[in-house]
Amino acid sequence: MKKIIFMGTPEFSVPILKALIASQYQVIAVVTQPDRLVGRKRTLTPPPVKIAALRHDIPIFQPEKISGSQEMEQLIEMDADLIVTAAYGQFLPTKLLNAPKYRAINVHASLLPKYRGGAPVHYAIINGEKETGVSIMYMERKMDAGDILAQRSIPIKADDDVQSMFDKLSILGRDLLMETLPKLFDGQLQPIPQDESLVTFSPNISREEERIDWNKSAQQISNKIRGMRPWPVAHALLSGERCKIWQAQPLEDQTTSEAPGKIISWDKTSMSVACGHESVLQILEIQPAGKKRMSVANFVNGNDMEALSQIGFD
């Protein structure tokens, strides 16, 4: 029976871990990030992968930094056949990558070589891509640069956001991994080097990137709102305070000559805002500073809309 070390952290990783546990392979260890303080009450919370592993009495390792740690030496001594990672969240040192007989492979949520980095799903939606996918690749010291073993695509629908795509890609990655492992162990795969001329990057989302630029078109802004939902959530200024925008859609049959950011109309269900290229965005759900997420209907009923004229700029 092939022995596998699994390394992952968020919900995306859980179906992949569960499939390995239920398979003909033996998961001999799970490595995940340390428990973190979460929420306003600062509750110490284990990562989803740890919660899933605890149900199966599998040794769990949570080093703050895997490189050079005592845990890394213990993992090497376990003499695994393969390391499988999925959104683990740390670089692995070469000594660990090369220790297993079949090396280390990663389930990455993009169609490499596009969107190397920590936020591939966010940027695929923000950039208006029509499809994304998963890649299973050998791990190298250079981020997401290893040879590809398998790849499969999936469409991005107009109402998809980061959560829905992560849910779909997690299942897609699980299924593709389980199809790939027998071929890998039998030596049937021919790894394909990535075309460096086609590489793009998706760095972790910065605070600056969360801001809505109303000079962009309504379609671009709509993509950004979906590409930031449910985290970190795109925002703009409303009455001088940060307001999160949860749901909106471009009004393709409307144009305006008003300046970007101008609130041009509102009713009982939505609020329309002028955007770049003379386009119009219809906002449907928002979260004013210090308040809960709400429909624009509730927001309009509770505010003097005549006094609001602009949503937008720092």
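## A short tour from Thr256 to the annotated loop

Start by selecting Thr256 in this predicted model: Thr256 is buried, because its relative accessible area is 12% and anything under 20% counts as buried. To get your bearings, trace the chain on either side of Thr256, and you'll see that this residue sits in the loop linking strand 11 (241-250) to strand 12 (263-266).

Now show the side chain. The side chain of Thr256 reaches the backbone nitrogen of Glu258, at 3.1 Å. Which residues does Thr256 touch, if you skip those up to four places away in sequence? Select Ile264, Ala274, Glu278, Ser279 and Val280, and you have them.

Next, hop over to another loop. Select Ser110, Leu111, Leu112 and Pro113: an unreviewed UniProt entry annotates these residues as "binding site". Let's look at two of them.

Begin with Ser110, in the loop between strand 7 (104-108) and helix 5 (120-126). Is Ser110 buried or exposed? Ser110 has a relative accessible area of 1%, so Ser110 is buried. Light up its contacts beyond four places in sequence: Tyr115, Pro120, Thr132, Gly133, Val134 and Ser135.

Then click on Pro113, which also belongs to the loop between strand 7 and helix 5. Pro113 is buried too, because its relative accessible area comes to 11%. What does Pro113 touch, again leaving out residues up to four places away in sequence? Add Gln194, Asp195, Leu198, Val199 and Thr200 to your selection, and you'll see the residues that Pro113 touches.

Key:
Residues numbered from 1 in each chain as written. Predicted model: local features only at pLDDT ≥ 70, side-chain atom pairs only at ≥ 80, totals over all residues. Heavy atoms only, no water. Helix = DSSP H or I, 4+ residues; strand = E, 2+ residues; numbered from the N terminus. Buried < 20%, exposed > 50% of the residue type's maximum accessible area, 1.4 Å probe, protein only. Polar contact = N/O pair within 3.5 Å; in protein donor to acceptor, adjacent residues only side chain to side chain. Contact = heavy atoms within 4.5 Å. UniProt positions renumbered as here; feature names shortened; annotations may be inferred.
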